[in-house]
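Please walk me through this structure, one piece at a time. I would like to see how its strands and helices are put together.

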Amino acid sequence: MDRIRIVGGRPLVGSIPISGAKNATLPLMIASLLTDEVLVLENVPRLADVASLQRILGNHGVDVMVGGKRPGDSEYEGQTLHISAKRIVDTTAPYELVAKMRASFWVIAPLVARMGVARVSLPGGCAIGTRPVDLLVMAMQNLGAEIEIDRGYVVARAPKGLKGGRIEFPKVTVGGTHTALMAATLADGVTEIENAACEPEITDLADCLNKMGAKITGAGTKHIVVTGVPRLSGARHRVLPDRIETGTYAMAVAMAGGDVLLQGARAELLQAALDVIAGAGAEISVTNAGVRIARNGAGLAPVRVTTEPFPGFPTDLQAQLMALMTRAGGTSHITETIFENRFMHVQELARLGAQIRLEGETATIDGVPQLKGAPVMATDLRASVSLVIAALAAEGETMVNRVYHLDRGFERLEGKLQACGAEIERLSGF
Ligand code: EPZ
């Protein structure tokens, strides 16, 4: 298993290319199942989760061709995937694949919409919570699918096709909104989705589906209307930049000090997070090349933040913000409202000398003048990178173990940070 070794204390100076968004790429790849024509996705990040989903789609009979380097491609240019679901040969998504990457459960929507049947393993919980799929199942039922739970699998049937209907989510669910959108595109009639998630990745999926011939209005708002069509065609779509990667590196610069251009970043995708980082004392400027972040000299001010669905402060940046606040000049409060167990990073940050108390869903962080490097363990994707952020400012060496978690969501993180002067390296084969 690989480890990442970091020696803290170096400022970050230069530029970091922001990759395509993991959480847009996954639903966009799944949307390829809705058509027998080729869907071309550009700016796809090189991530373990993308590779896992390629395997899962392959199990359904989907061909994925990865485009090669083109003249002028930079070192971090995203991949171009040509995805063809011409023939779906298997409508089962097996446990051993779905358990590895929970978003693969979302294949249930295009499979039942296009094939009339889907048998998808329940994904099971994960480190940050139980993460049920009851609302995704409810959405399929409201579009006329018959649902049966059979030995750990959800079996959805709609032999005569799905029917437009009304889906009102009692709580905001990104996956629920993605699956409702995809299923509704081929349903017979009009579907209304109420209390829809407004994340930019939802809008990116809707934009791509409309390019494929779908009729979707209102994506990005809480009320989405989809008019079903008999079939969808292929399309070409560029994945939007990753707002979580952007916020992560912005916090890394705020922590280590320095001046970095986040190339290709779009500030409007994470304005709430950028406002918090600026409030803590970093300087942020938006240029047409991306978002520039700098912090020189002055210390960090404490913050009081609650995670919320978009456009609020994203839960996927909560761990990173906590790492940043371990060095603030005062006491910060971070409340996590989306997941019930998303504080796994607290114990590991404490090993670096952080002073954090947990009361229910609120973490209280008393800033300390200095962290000290130590061996730490990554537990989930975003917790892992919070350890990297802390290590960049810790005195001495930090060894982050189980970095496969990092590889799920951050493309070549150590290369991007090394290029800005960080003392960071990957040690393979332990
Ligand atoms: C997506 O997960 C993201 N994953 C998560 O990012 C992100 O944290 C989350 O949305 C919230 O923004 C991808 O896009 C691949 P939800 P998702 O359905 O769709 C509960 C990362 O690090 N819920 O919006 O699974 C659920 O338990 C990952 O990239 C139900 O109760 O999240 C949670 O408490 C982590 N029943 C809340 O809703 C359901 O049927 C929000 O979950 C579905 C969800």
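Four strands form an open sheet in this predicted model. Their order is S22-S23-S1-S24, and the pairing is mixed. Strand S22 (375-377) and strand S24 (423-427) stand at the edges. Each has a single partner strand, so one side of each is left without a neighbour in the sheet. From one strand to the next, the twist averages 20 degrees.

Now take one pair from this sheet. Strand S1 covers residues 3-7. S1 runs antiparallel to S24, and 5 bridges join the two. Look for Ile-6: across from this residue, in S24, stands Ile-424.

A helix packs on the sheet as well. This is H12, residues 381-393. H12 touches S1, S22, S24 and strand S23 (397-401). The direction of H12 makes about 30 degrees with that of S1.

Before leaving the strands, keep one general point in mind. In a regular strand, side chains alternate between the two faces of the sheet.

Next, turn to strand S3, residues 38-44. How many of its 7 residues are buried? The count is 5, so S3 is mostly covered, with buried meaning under 20% relative accessible area. S3 pairs with strand S5 (residues 79-84) in the antiparallel sense, over 5 bridges. Find Val-40 in this pairing: its bridge partner in S5 is His-82. S3 also pairs with strand S14 (residues 235-238). Here the strands run parallel, and 4 bridges join them. Leu-41 stands opposite His-237 in S14.

Finally, look at two helices. Two packed helices are described by the angle between their axes and the distance between the axes. Helix H5 spans residues 134-142, and helix H6 spans residues 174-185. They pack at an angle of about 20 degrees, and their axes are 8 Å apart. Why do H5 and H6 count as roughly parallel to each other? Angles under 35 degrees count as roughly parallel, and theirs is about 20 degrees, so the pair fits that description. The crossing of H5 past H6 is right-handed.

Which residues meet where H5 and H6 pack? From H5 come Leu-136, Ala-139 and Met-140. From H6 come Gly-175, Gly-176, Thr-179, Ala-180 and Ala-183. Sorted by character, the residues of this contact are 5 nonpolar and 3 polar, with no charged ones.

Key: Residues are numbered from 1 along each chain as its sequence is written. This is a predicted model: local features need pLDDT of at least 70, side-chain atom pairs count only at pLDDT 80 or more; totals for chains, interfaces and linings use all residues. Side-chain values use heavy atoms; hydrogens and water are left out. Axes are lines fitted to C-alpha atoms, for helices over the stretch in contact, and angles run from 0 to 180 degrees between N-to-C directions. Angles under 35 degrees count as roughly parallel, over 145 as roughly antiparallel, 65 to 115 as roughly perpendicular and the rest as oblique. A crossing is left-handed if the near helix is turned anticlockwise from the far one by less than a right angle, and right-handed if clockwise. Contact means heavy atoms within 4.5 Å. Ala, Val, Leu, Ile, Met, Phe, Trp, Tyr, Cys and Pro count as nonpolar, Asp, Glu, Lys and Arg as charged, and the others, Gly among them, as polar. Two strands pair if DSSP finds at least two bridges between them. Buried means under 20% relative accessible area, exposed over 50%, partly exposed in between (1.4 Å probe, protein chains only).
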